[in-house]
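Got your viewer open? Let's take a short walk through this chain, one selection at a time.

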Amino acid sequence: MTLAAANAPGFLSPTGVEIAFLLVGVVTLGAAVVTVTTRQLVHAALWLVVTLGGLAVEYLLLTAEFIAWVQVLIYVGSVVVLLLFGLMLTRAPIGRSPDADSGNRPAALAVAVAAAAALLWVVVDAFRTTWIDLDGPAQGSTAVSGSILFRHWVLPFEALSVLLLAALVGAIVLSRKDPEPVRTRKGGN
């Protein structure tokens with residue numbers, strides 16, 4: 001056994017970063033559960049801010065600073081603001097919304113658990129034999145992220161921007177009042 005291997009922390013002796021990662025992950029998971037279980041739309045949007053912010057902190061703990069700031073700018077700064085903007089424009093109810101609960105919680109929970117299990121299986125199967133090259137450029141660096149984004153993910157990135165624009169236009173259309181019918185004068189022009 002080498003000296004470096006003997007001094008390296010093991011599974012039963014986590015570092016401070018690993019403990020922080022676990023604690024932030026638990027808080028983020030809790031905020032995500034509250035986001036989808038609350039019956040107040042504005043509270044759900046605000047809990048979504050906490051969830052997405054927790055993900056940004058997780059990226060920072062993984063030393064992927066660029067991805068963390070993209071998370072904050074795009075998701076927290078744009079998507080949530082767009083969601084709140086749409087809620088305000090459509091005059092969504094601020095308090096409890098009885099029509100936000102259809103009574104299908106057990107079925108929704110079963111579908112969510114099945115989807116999570118399928119996603120976990122697909123991810124584990126896809127990356128089972130993948131190894132990270134530690135001698136190459138850092139995976140969270142701006143150069144690597146930009147190269148991957150503009151080489152492989154341009155179309156989904158642009159599709160997302162069109163989707164956000166369509167949501168904004170839809171919110172504006174829904175918020176407009178119907179124009180009053182034009183009255184015609186009798187006997188005149």
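Here is a tour that goes from the whole chain to a pocket and then to a pair of threonines.

**Stop 1: the whole chain**

Before you click on anything, keep in mind that this is a predicted model. Show the chain as a cartoon and color it by secondary structure. You should find 7 helices and 0 strands, so the order from the N terminus on reads α-α-α-α-α-α-α.

Now switch on the surface. The chain exposes about 14900 Å², and carbon and sulfur atoms supply 71% of that area. Of the 189 residues in the chain, 14% are buried. If you like looking at contacts, take those between residues at least 6 apart in sequence: 67% of them join residues at least 24 apart.

**Stop 2: the largest pocket**

Rolling a probe the size of a water molecule over the atoms shows where empty space is left. Here, the largest pocket has a volume of about 700 Å³. To land in it, select Ile 67, Val 70, Ser 145, Leu 149 and Trp 153, which are the closest to its centre among the 17 residues that line it.

Which elements give two or more residues to this lining? Select helix H4 (65–89), helix H6 (142–152) and helix H7 (154–175), and you have them. H4 provides the largest share, with 6 residues. Try coloring the lining by residue class, too: 13 residues are nonpolar, 4 are polar and none are charged.

**Stop 3: Thr 35**

Next, select Thr 35 in helix H2, which covers residues 16–37. Is this residue buried or exposed? Its relative accessibility is 16%, and because the cut-off for buried is under 20%, Thr 35 counts as buried.

Show what surrounds it. Apart from neighbours within four places in sequence, Thr 35 is in contact with Ala 44, Trp 47, Leu 48 and Thr 51. Zoom in on Trp 47: its backbone oxygen lies 3.4 Å from a polar atom of the Thr 35 side chain.

**Stop 4: Thr 63**

For the last stop, move to the loop between helix H3 (41–61) and H4, where you'll find Thr 63. Check its backbone angles: phi is positive, at about 60°, although Thr 63 is not a glycine. Turn the surface back on and look at Thr 63 again. With 55% relative accessibility, Thr 63 counts as exposed, because the cut-off for that is over 50%. So the two threonines on this tour end up in opposite classes: Thr 35 is buried, while Thr 63 is exposed.

Methods. Residues are numbered from 1 along each chain as its sequence is written. This is a predicted model: local features need pLDDT of at least 70, side-chain atom pairs count only at pLDDT 80 or more; totals for chains, interfaces and linings use all residues. Side-chain values use heavy atoms; hydrogens and water are left out. On a 1 Å grid over the protein atoms alone, a cavity is a set of points where a 1.4 Å probe fits but cannot get out, and a pocket is an open set with protein on both sides within 12 Å along at least five of seven lines; lining residues have an atom within 4 Å of a point. Grid points are joined across faces, edges and corners, and a volume is the space filled by probe spheres set on the points. Helices (H or I, at least four residues) and strands (E, at least two) are DSSP runs, numbered from the N terminus. Ala, Val, Leu, Ile, Met, Phe, Trp, Tyr, Cys and Pro count as nonpolar, Asp, Glu, Lys and Arg as charged, and the others, Gly among them, as polar. Buried means under 20% relative accessible area, exposed over 50%, partly exposed in between (1.4 Å probe, protein chains only). Contact means heavy atoms within 4.5 Å. Accessible areas come from the Shrake-Rupley method with a 1.4 Å probe; for residues, only the protein chains shown count as cover. A polar contact is a pair of N or O atoms within 3.5 Å; within protein, one must be able to donate a hydrogen and the other to accept it, and residues adjacent in sequence count only if both atoms are side-chain atoms.
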